[in-house]
Structures are given as C-alpha cells and as structure tokens.
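Hi,

Here is the structure I promised to pass along. Have a look at it first, and my notes on what turned up follow below.

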Amino acid sequence: MNTVTNRKRSVLTLIITLITSVLTFANTPNAKKATAITQVYGDGVRMIAVALEYPKEVSGSDFTTTDFTVEGRTITGIFASHSVSLTDKADKGKFLIVQLSPDDTDISLAYKMKMSNATTSTTPKKGGKKWVAGDKLSENLAYKDAHATIKQKSGTAITTTAVKNLVVDDFQQLTFKDPQTNKTLRYNLFVPKNQGKDPLPLVLFMHDAGVTSEYHRATLFQGLGAVVWASPEEQAKRPCIVLAPQFDEIIVDDNAQTSPMMETTIHLIENLSKQYNIDQNRIYTTGQSGGCMMSIAMNIKYPDLFAAAYLVAGQWNPDLVAPIAKKKLWIMVSVDDLGAFPGENAITKRLEKEGAKISRAWWNATWNTNEYRFAYDKIVAENNPIKYTVFEKGTVFLPGADTAGASGHRNTWRVAYSIEPIREWLFEQRK
C-alpha cells in the first residue's frame, strides 16, 4: 500500500513540476536580444556564454541548464544579471546569462584571410627561402565574430546579434604613422578609465610571427600575452597602460635582423609618453617567440629604455647580447622547444661570461597557484637580476594534445602569461 502511495506521490510531483515549468515559460516574455560573450584563454579566444535580454526582470532560479540548447555546445550554468556580464550575478535581472563550456570541441573563432601586398608565402616550401624581416605573408590570422542560436524548451529560438569580448573590448584600436620610418603601425591600447595623478607603468607586448596580420585585434585574441595585463583582476593590483602592436610584417628573423617596425614601435612609445602620464622608470617589454626576439633586440639597442623584460620562448645571436648582461630579465622556455631552449641556453651562457648573475630553475607547467608561488619565492630569494626558468619535459602539453613540431614552442606561452608571480616580479622592477 505504501509503495503504491509513494508512486502516486512521485507521479503527482512530476506532474506539478512539469506544470510549473510550463507556466514559468508561459509567463516569461521572449528574449528581445541575445549577445555572445567571449573570453581569451592561453590558447585563444572562445565563446563562453550567451546573454539573453528580456523586456522585464526574470529570476534565475526559474531556469535550469536543460531549459535551453545551443547546437554543438554544452550549457554549464544559468543565472540572472543586471547587465551583459559574468560578474553581475543577481536574484533577478533583465538579463539571463547562459554559460557554455570552454572545453567544447571545434569552437575556435580563428581563420585565415588573404593579405594584401604579400611578398612571400605563409608556408615556404621545405628547404626554400625562410622568412626575413620585413616580409609580408600571403595569409593573415583573423577572427570571426562569435555567433550562436539559442533555443528555449518552449520552442522559441533567438540568434545573437551582438558580441561582448571580455577585456578585448576595453582596448582602443589605433594607427600610428611614423614620420621617421614612413611606416604605418596598427596598435591596440588599453588605458585605465580612472587614471589618477600618479604616472602609470606601461607594458609593451609583442606577438609571435604566427599572428602577423592586417587584422587589427589578432594579437588580443590569440592568447593572454596582451589582455592579461588589462584584466579587471590585474588592474586592481597592478594598474598600467598596455600597448599591443599589431604587426603586418615579419619583424625579426633567424639572422638577428629586425624590420623598421622596431624603430617605429620605439617611436610610438615616445609618442604615447607625450600623450599619457607614463612612468618613464617603469616601462616594460614582453613578447613570445618573434615578439621575444624583438624585445631582446630593443634591449640591445636601447638598453636604458626598459626597466625589465619578460622573455618567452625566444632566441637571438648570443654574440650580440653583451649589452643586456646587466638588465633585469625573466626568461621562460620549455625543454620541448627545439629552438628557444638551446637558443636561450647559449644566450645565458654568453651573458654569464659578460658578468651576468643568473638564477636557474626547472618548473612544471601543470603546477597550481601555490606551487608556482613556492618556486617563485625560492628563485627570487637568490636575488639575481636574471631569472631563467625552464618548463620540464612534457608539462606544457594538454592531455591528448599534439606534441610534434613546434607544439612545445607554442604551448610555452599558453602557460607563461598565466603565472601571476612573474607578472608581480615585472612590476617590482624600476630603472
């Protein structure tokens, strides 16, 4: 008897739940607008949410992840908000944020487009001419706008008509015409909205050769190297101006040659220093691969400009590096990087011959925050101006990822800019 009664109660509960769900949707107006939300990760930008805007407030508790579907995507959470934001959560609001898994497959927004005035192929034939500084590649890396159609259980579907790119949208897209080199340089600039009277540090980030493009924001979307410094969390601790040039030509090559874009970038920094209240004792440079090489070249030619540099996955002719022996440098490579690892070994060996004091350590790219902090405290305690950290073999790769070719090179910067203690170290350096 009790079993039958319990079954009846279960059926009744199910019916009430279904009726409540139907009534909820019946009383909820259709969303009038949908906005895609993207976020940049170490390996690039992904769409991570859709914001539904309603004509009146809705309650997040009235919805579950099974009430909506987005083709090809996994919905991980739903909450109400007062705005198109992941941090403005509320019990009720005119926005409903539908969160999507960043680990879904085949969600890259990157694509290739033809470059105007190309001078060489993007993929030279094996054994053929290598890229040289100043080359314009036949293809550009570009990014399409995030887009999705979200369907409600009631059958109503709505397609996104706008995109909010977290942090990326806080950068201005500007162009600098250098009267000295006659070069035009696209650049992205982040300036804090509430800059006080005190001068601010400036961080220069330069991308790798793979991001060479006429697409103005490619450097912002490809990874954390530029955007990490401008995130709300970082700005709350270390406010700064962030400069991220978008080069449309190869800026350095394996023969230790630079294009005129090096001088143009230096002139741009000088120009910005006249427009903004920049702390001339706290100008920093960082870059990955080709951007790292350009940082090295700049420090060699302009040893008094930068207070410190974070050099990620780069190399240079060791016979040319003597001028940076007394600089404050943090060098990061992976043992799986077949070019930068031996290249940086040769550089650091030469710097020591020039009298440089270097601390070395092997790190694991899978460490958590506390493990990185412990390792950081240990190497910093040695009080040497140059730190040389190497990711241990195999640790830069995600599970199941391709480890062939240049994968060890590219995956170095997937991790390198996520390590907060190194960013903290950079900002502690002054000329």
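Let me start with charge, since you will probably be setting that up early: the chain carries 50 positive and 44 negative side chains, and the centres of these two sets lie 2 Å apart. Please keep in mind that this is a predicted model.

On confidence, the average pLDDT of the chain is 93, and 92% of the residues score at least 70. The stretch to watch is residues 17–23, where the pLDDT is below 50 and the model shows 0 contacts beyond near neighbours in sequence. Where pLDDT is low, predicted coordinates should not be read in detail.

Now the overall picture. The chain has 431 residues, of which 52% count as buried. Its secondary structure comes to 10 helices and 20 strands, and its C-alpha atoms fill a box of roughly 90 × 55 × 50 Å along the principal axes. The exposed area is about 20,400 Å², with carbon and sulfur atoms supplying 50% of it. Among contacts between residues at least 6 apart in sequence, 70% join residues at least 24 apart.

As for annotation, an unreviewed UniProt entry places "domain: Peptidase S9 prolyl oligopeptidase catalytic" on residues 266–315. In the model that span is 44% helix and 32% strand, and its end C-alpha atoms lie 21 Å apart.

One helix deserves a closer look. Helix H9 (residues 407–416) is mostly covered, with 9 of its 10 residues buried. Among them are His409, Trp413 and Arg414. What provides the cover? Strands S16 (278–288), S17 (308–312), S18 (329–334) and S20 (386–391) contribute, as do helices H7 (340–353) and H8 (369–380).

Finally, two backbone angles you may want to check. Most residues other than glycine have a negative phi. Valine 167, however, has a positive phi of about 70°. This valine 167 sits in the loop between strand S11 (162–165) and strand S12 (172–177). Asparagine 182 also has a positive phi, near 65°, and belongs to the loop between S12 and strand S13 (184–190).

Are these two residues buried or exposed? Valine 167 counts as buried because its relative accessibility is 17%, under the 20% cut-off. Asparagine 182 counts as exposed because its relative accessibility is 57%, over the 50% cut-off.

Happy to talk it through whenever suits you.

Best wishes

Note on methods:
Residues numbered from 1 in each chain as written. Predicted model: local features only at pLDDT ≥ 70, side-chain atom pairs only at ≥ 80, totals over all residues. Heavy atoms only, no water. pLDDT = per-residue confidence, 0-100. Contact = heavy atoms within 4.5 Å. UniProt positions renumbered as here; feature names shortened; annotations may be inferred. Helix = DSSP H or I, 4+ residues; strand = E, 2+ residues; numbered from the N terminus. Buried < 20%, exposed > 50% of the residue type's maximum accessible area, 1.4 Å probe, protein only. Areas by Shrake-Rupley, 256 points an atom, 1.4 Å probe, with all protein chains shown as cover. Lys, Arg positive; Asp, Glu negative; His and termini not counted. Charge placed at Lys NZ, Arg CZ, Asp CG, Glu CD.
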